[in-house]
Structures are given as C-alpha cells and as structure tokens.
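Visitor: Please take me through one part of this model in detail, the nonpolar core and the helices packed around it. I would like a connected account rather than a list.

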Amino acid sequence: NKTVFNHITITLFIVFSSIIFYSFLNIKPTFKPYKSSFLNLSNKLLKLIVVLIFITLFCINIFDVNAINNSTPYTTHLNAFYYSVVQVINGGSPLYVNGFSNTYGLYPHLLEPIFFFIGGVTIFKFSIVMAILIVLSYYMVYLVMSKLILNKFYLYSGFLAIFWFQYLSSKPGGIEDFFFQYIPLRILFPCLLIYIAYRYTEAEKKGLSFLVGSFIATLSILWNHDTGFVVVISWLLFTSFWLINKTEGLLSTFRVLARHLLVFLVVAFATLLTFYLYIGLRYGGEISVDTLFPLMEMFETLILHSSLGLGMEPMPIRHPWVILMTIYVTGFSYALINIKKKEEIQFNSIIFLLSSLGMGLFIYYLGRSINLNLLSISLPGLILISLYGDLFYKRFFHRSLLHEKILLYTITIFL
C-alpha cells in the first residue's frame with residue numbers, strides 16, 4: 001500500500017515515455033526512418049487490444065443460474081431488469097395492464113421474438129442475448145469511428161477510452177455487476193442512431209434512409225422512454241441539419257423541414273399503432289384507446305419516484321461534468337457555425353449529432369449526479385474527443401493554431 005507503483009503512476013509513466021520517445025524520433029534525423037516502424041507496431045498492438053476487448057465484452061457478460069446469489073448486484077440490479085422479461089414471455093398479461101408495471105420501458109416485448117426463436121428465456125440465454133447486444137452496440141460505434149478517423153492511434157486509443165471509462169469504470173459493483181439498466185438498455189439505440197446517421201450521410205437515396213431512421217427512432221421510445229425521446233430529438237435535429245445545408249432560401253428550407261417533420265410523424269404513428277395492435281392481438285384483449293396508449297400506467301413508476309424525490313443527488317459545481325458539457329457545447333456551436341459548408345457536411349453533421357445526443361443523455365446524470373452516471377453518459381463525448389484529436393493532428397503540420405496544438409497534446413495524453 002505504501003509503494004508509488006500503482007496503476008495510475010505506471011500508466012502515466014508509459015504515456016509520457018511513449019510521447020517522449022515519439023518526439024525523439026521526430027527531432028533526431030538519424031532515427032526518423034524508425035518512426036514508421038514504431039507507429040505500425042503501436043497501431044497493430046492497439047488493434048489487437050481492441051479485438052481482445054470485443055471478445056472480453058462478450059465473455060464477461062455470460063453467466064448461468066449457478067452464479068446467482070443474494071448479493072445486491074443480483075437481488076437489486078439484475079432482478080429489476082430481468083423480472084419483467086420473464087413475466088412478459090411466460091405470463092399472460094402485457095406491460096402496463098392490470099398493474100403490471102416496469103421501470104425501464106417496453107423492452108421485454110421487443111425482446112420477446114428473440115427468446116421465442118431460441119426456445120424461451122433462462123438466465124443463461126438471457127445473458128447471451130445481453131452480451132450480443134452489448135458487443136453489437138460498441139461495434140457500431142467502432143465501425144463509424146473507423147470510417148471517420150484516419151489516424152489509427154486516435155481510432156484505437158479512443159475506443160479503448162470508451163471501454164475503460166464508459167463501460168468498465170461505470171459499473172456500480174465492478175466487473176461482476178450485471179447492471180443492464182444502462183448497458184445495453186440505454187446505449188443500444190443511441191449507438192444504433194450513430195451508425196444509421198453515418199449511413200444516412202453515405203446514402204444516395206436519403207428518403208429511404210430517413211424512413212428507416214425514423215422507424216428505429218420510434219422503436220427507441222418503446223424500448224426505453226427516457227433515452228428514446230433523446231434519440232428521436234437527436235435524429236430530427238441531425239436530419240434537419242443536413243437538409244438546411246442542402247437547401248437554399250429561407251422559404252424553401254421551411255417547406256422542406258415541415259414536410260420532413262410530417263413524414264416522421266406519419267412513420268412514428270404507423271410504428272406505434274402497429275406495435276400496440278400486435279400487443280392487442282398477442283394477448284387476446286380488447287383494443288381501445290386506453291389499452292393502446294396507457295400513458296398513466298407507463299409513467300406511474302415515474303410518479304412514484306417523484307413523490308420520493310426521484311432518488312436525486314445534488315449536482316456539484318466544480319466537477320468533471322463541466323468539461324464534458326464544454327465538449328458538447330463546443331461541438332454543437334462549431335457545427336452550427338459551419339452549417340452551410342457543403343464540403344464538410346458529413347463531418348459537421350456527425351459532430352452536431354454527437355453533441356445533441358450527448359446533451360440529451362446528460363439528463364441521466366443531471367437527475368442523479370453521481371460519478372458513475374457521468375461515466376455512463378460519456379460515450380458521445382469520448383467519440384468527439386477522438387474526432388477532435390484526429391482533426392487537430394491533420395492540421396498540426398499545416399495551419400494549426402496555438403490553441404489547437406495545446407488541445408492536441410491534451411487529447412493525446414488523455415487518450
């Protein structure tokens with residue numbers, strides 16, 4: 001306990017040694033030929049670590065009934081998430097009917113077809129499905145980052161930062177705490193949104209991509225209410241950003257945005273109606289306005305928590321959340337300033353999306369301001385940091401300003 005050699009000091013030593021060594025290769029002409037070999041070796045090592053992390057993400061979330069005990073991670077965290085899944089699949093009543101409430105949304109109904117095809121729900125099967133959703137979520141993020149970030153160091157180190165800060169360090173009870181309430185529940189659709197938004201920027205037929213994105217955004221409301229509304233708003237802001245960039249004239253822009261909103265509302269209504277019709281047919285009940293849209297039942301858990309103070313924690317003034325929010329505000333402002341730059345529309349629109357999404361997800365920390373929640377909602381911010389690092393590095397040898405050089409060094413050391 002008295003030694004100075006711990007994971008913090010060793011990490012700092014490795015980081016600063018690597019920076020000094022890399023700078024030495026740049027300064028000394030004799031060693032410049034070795035620079036490329038050093039970078040290739042470093043990138044291959046980081047890529048190997050990323051591959052191992054994906055394997056680890058899957059393996060550490062697999063468990064069976066023998067792992068269950070009376071500790072808090074199982075009786076509180078896992079049970080609150082798993083109970084409604086079992087009752088929906090094995091029971092005879094849908095959620096929010098006859099007092100059958102759920103804290104986290106209608107995700108059990110969306111998971112029901114998966115468990116139907118794999119022969120029912122057990123702890124082991126449930127853990128496999130959760131592990132797949134977790135890996136899928138982070139893989140979509142990694143895929144988008146690999147398309148937008150050219151420098152492999154900022155790609156791999158940025159993704160490693162996501163794994164370390166947003167996933168591993170945010171688990172309340174450590175690596176064996178199966179807290180699925182945030183991962184994958186509250187990151188699946190935000191990650192899917194990031195991927196769909198990137199595909200939208202690449203698609204030739206924007207209309208079809210918008211329909212698909214609108215359908216998925218609406219499903220996110222059913223999956224989890226609080227994150228779903230953030231996904232919907234972020235999707236509408238992102239596509240509006242793109243349309244404003246491509247449309248000339250104030251009146252024409254207004255017409256395009258109005259038509260754009262109308263199409264989304266039609267898709268959203270059709271999606272919600274189809275889902276609730278399915279629920280009515282699935283459980284053989286009478287379909288009425290009350291059963292189709294049980295708004296009071298859906299929010300009765302929120303009403304209960306409101307009467308108990310929502311379990312809120314005071315929000316500190318001097319805290320790292322200020323840095324995270326600064327990243328979002330900076331990205332949001334940068335994108336808006338450059339909204340009409342057609343040659344940079346893809347990069348700027350993704351920055352705008354990540355900033356909007358990050359500010360929306362920040363509400364989760366705002367309601368219960370504990371450090372673990374700040375780590376949980378940091379995903380868009382960590383992606384933005386990686387994008388900024390790659391951008392500033394490209395400018396470093398050409399027209400980089402002093403503050404950009406300072407930010408580049410800061411981001412590099414952080415990652």
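Guide: Helix axes here are lines fitted to C-alpha atoms over the stretch in contact, and the angle between two of them runs from 0 to 180 degrees between N-to-C directions. The model is a predicted one. With that convention, H7 and helix H8 (residues 206-223) pack at about 175 degrees, their axes 10 Å apart. An angle over 145 degrees counts as roughly antiparallel, so H7 is roughly antiparallel to H8. On the H7 side the contact involves Leu 188, Phe 189, Leu 192, Ile 196, Tyr 200 and Thr 201. Their counterparts in H8 are Lys 206, Ser 209, Phe 210, Gly 213, Ile 216, Leu 219, Ser 220 and Trp 223.

As background, the chain has 18 helices and zero strands. Of its 415 residues, 46% are buried. Among contacts between residues at least 6 apart in sequence, 72% join residues at least 24 apart. The chain exposes about 21,700 Å², of which carbon and sulfur atoms supply 70%.

Now the core. The largest nonpolar core contains 110 residues, and Phe 126 and Tyr 138 have the most contacts inside it. Helix H5 (residues 123-148) gives the largest share of this core, 14 residues. Leaving aside residues up to four places away in sequence, Tyr 138 touches Phe 54, Leu 57, Phe 159, Ile 162, Gln 166, Tyr 167, Ile 183 and Ile 187.

Tyr 138 also takes part in the packing of H5 against H6. The axes of these two helices come within 10 Å and cross at roughly 150 degrees, so H5 and H6 are roughly antiparallel to each other. Their crossing is right-handed. From H5, the residues in contact are Ile 134, Tyr 138, Val 141, Tyr 142, Met 145 and Ser 146. From H6, they are Leu 155, Tyr 156, Gly 158, Phe 159, Ile 162, Gln 166 and Tyr 167.

Phe 159 leads on to another helix, since Phe 159 is one of the residues that Ile 53 touches; Leu 160 and Phe 163 are the others, again not counting residues up to four places away in sequence. Ile 53 sits in helix H2 (residues 33-59). Its relative accessibility is 8%, so Ile 53 counts as buried. Although Ile 53 and Phe 163 are 110 residues apart along the chain, their C-alpha atoms are separated by 7.9 Å.

Ile 183, another contact of Tyr 138, precedes a cis peptide bond: the bond from Ile 183 to Pro 184 has omega near 15 degrees. Pro 184 lies in the loop between helix H6 (152-168) and helix H7 (188-202), which leads back to the pair described at the start.

One further helix pair can be set beside these. Helix H4 (residues 107-117) and helix H10 (residues 250-283) pack at about 65 degrees, with 12 Å between their axes. H4 and H10 are therefore roughly perpendicular to each other, and their crossing is left-handed. His 109, Leu 110 and Glu 112 make the contact from H4, while H10 contributes Phe 275, Tyr 278, Ile 279, Arg 282 and Tyr 283.

How values were computed:
Residues are numbered from 1 along each chain as its sequence is written. This is a predicted model: local features need pLDDT of at least 70, side-chain atom pairs count only at pLDDT 80 or more; totals for chains, interfaces and linings use all residues. Side-chain values use heavy atoms; hydrogens and water are left out. Helices (H or I, at least four residues) and strands (E, at least two) are DSSP runs, numbered from the N terminus. Buried means under 20% relative accessible area, exposed over 50%, partly exposed in between (1.4 Å probe, protein chains only). Contact means heavy atoms within 4.5 Å. Accessible areas come from the Shrake-Rupley method with a 1.4 Å probe; for residues, only the protein chains shown count as cover. A nonpolar core is a set of buried Ala, Val, Leu, Ile, Met, Phe, Trp, Tyr and Cys residues joined through side-chain atoms within 4.5 Å. Angles under 35 degrees count as roughly parallel, over 145 as roughly antiparallel, 65 to 115 as roughly perpendicular and the rest as oblique. A crossing is left-handed if the near helix is turned anticlockwise from the far one by less than a right angle, and right-handed if clockwise.
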